[in-house]
Amino acid sequence: MARRAAGGTGVKGARRPEVRLPVLEPYRGGELEPDGDYDGLELREADFTGQDGSGARFMDCALTGCALDETRLRHARVLDSVFSGVRGVGTDLAEATLRDVELTDARLGGPQLHGAVLERVLVRGGKIDYLNLRTARLRDVVFEGCVLVEPDFGGARLERVEFVDCVLKGADFHAATLTDVDLRGAASLEISRGLDRLSGAVISTAQLLDLAPVLAAQWGIRVEG
């Protein structure tokens, strides 16, 4: 079940996930397995550094404080699950599917989600550097209270995506397609590429003024006086 976030006039709000986990079984350890099936598990403070869980399915799971450095989760399916306080560099979730997922207080560097599908996903708190979402599909996704450093949305499709009280530094929207994307709630908005792709997004008057120098430079407008 999902809850629709409040959207402004003329902008459809994102549907947030409402994850209700069952009573979970503790994870008994061992390495992740390619195409593994993880159902109803609590994975707490586990170290998955360098392990290969490509194609695995996580259903009704809670990952808390886990290390995901160079963890391979390509083509994984993460459904009705909560990731809290996970950390890692180079986590590979390329072409994965995340549906009804909450990611809170993550500390990630260079996570690979290119070609991934995100539907009803909430990213709350934490800091993610160099998030790679190139050619990904995001639908009903909310970024809330987090810091995104140089996120790459190049060629991605964003529909009903909201940025709430979060910081975007050097965001790249090159060749992206945006529909009902609400940037007004961003605490800080810095776009490095793809200003011409913001059709389908809504920004505030203050944000427009902040972006004016970049827009002028892109259009070759010289401002004097």
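This passage describes the overall fold, the surface and the nonpolar core of a predicted model.

The secondary structure of the chain consists of one helix and 18 strands. For a chain of 225 residues, a compact globule would be expected to have a radius of gyration near 17 Å, and the value computed for the model, 18 Å, agrees with this expectation. Along the principal axes, the C-alpha atoms occupy a box of roughly 65 × 35 × 25 Å. Among the contacts in the chain with a separation of 6 or more, 11% are accounted for by residues that lie 24 or more positions apart.

Of the 225 residues in the chain, 52% are buried, and the accessible surface comes to about 10700 Å², with carbon and sulfur atoms contributing 47% of that area. The chain carries 28 positive and 36 negative charges, and the mean positions of these two sets are 5 Å apart.

The largest nonpolar core comprises 59 residues, and within this core the members that touch the most others are Leu138, Phe143 and Phe163. The element that gives the most to this core is strand β10, which spans residues 97-109 and supplies five residues. When residues up to four places away in sequence are set aside, Leu138 touches the leucines Leu118, Leu133 and Leu158, the phenylalanines Phe143 and Phe153, and Val161. The contacts of Leu138 also extend to Arg157 and Glu159, and Phe143, one of the residues it touches, is itself listed with Leu138 among the core members that touch the most others.

How values were computed:
Residues are numbered from 1 along each chain as its sequence is written. This is a predicted model: local features need pLDDT of at least 70, side-chain atom pairs count only at pLDDT 80 or more; totals for chains, interfaces and linings use all residues. Side-chain values use heavy atoms; hydrogens and water are left out. Helices (H or I, at least four residues) and strands (E, at least two) are DSSP runs, numbered from the N terminus. The radius of gyration is taken over C-alpha atoms; the globule rule is 2.2 Å times the number of residues to the power 0.38. Buried means under 20% relative accessible area, exposed over 50%, partly exposed in between (1.4 Å probe, protein chains only). Contact means heavy atoms within 4.5 Å. Accessible areas come from the Shrake-Rupley method with a 1.4 Å probe; for residues, only the protein chains shown count as cover. Lys and Arg count as positive and Asp and Glu as negative; His and the chain ends are not counted. The place of a charge is taken as NZ of Lys, CZ of Arg, CG of Asp or CD of Glu. A nonpolar core is a set of buried Ala, Val, Leu, Ile, Met, Phe, Trp, Tyr and Cys residues joined through side-chain atoms within 4.5 Å.
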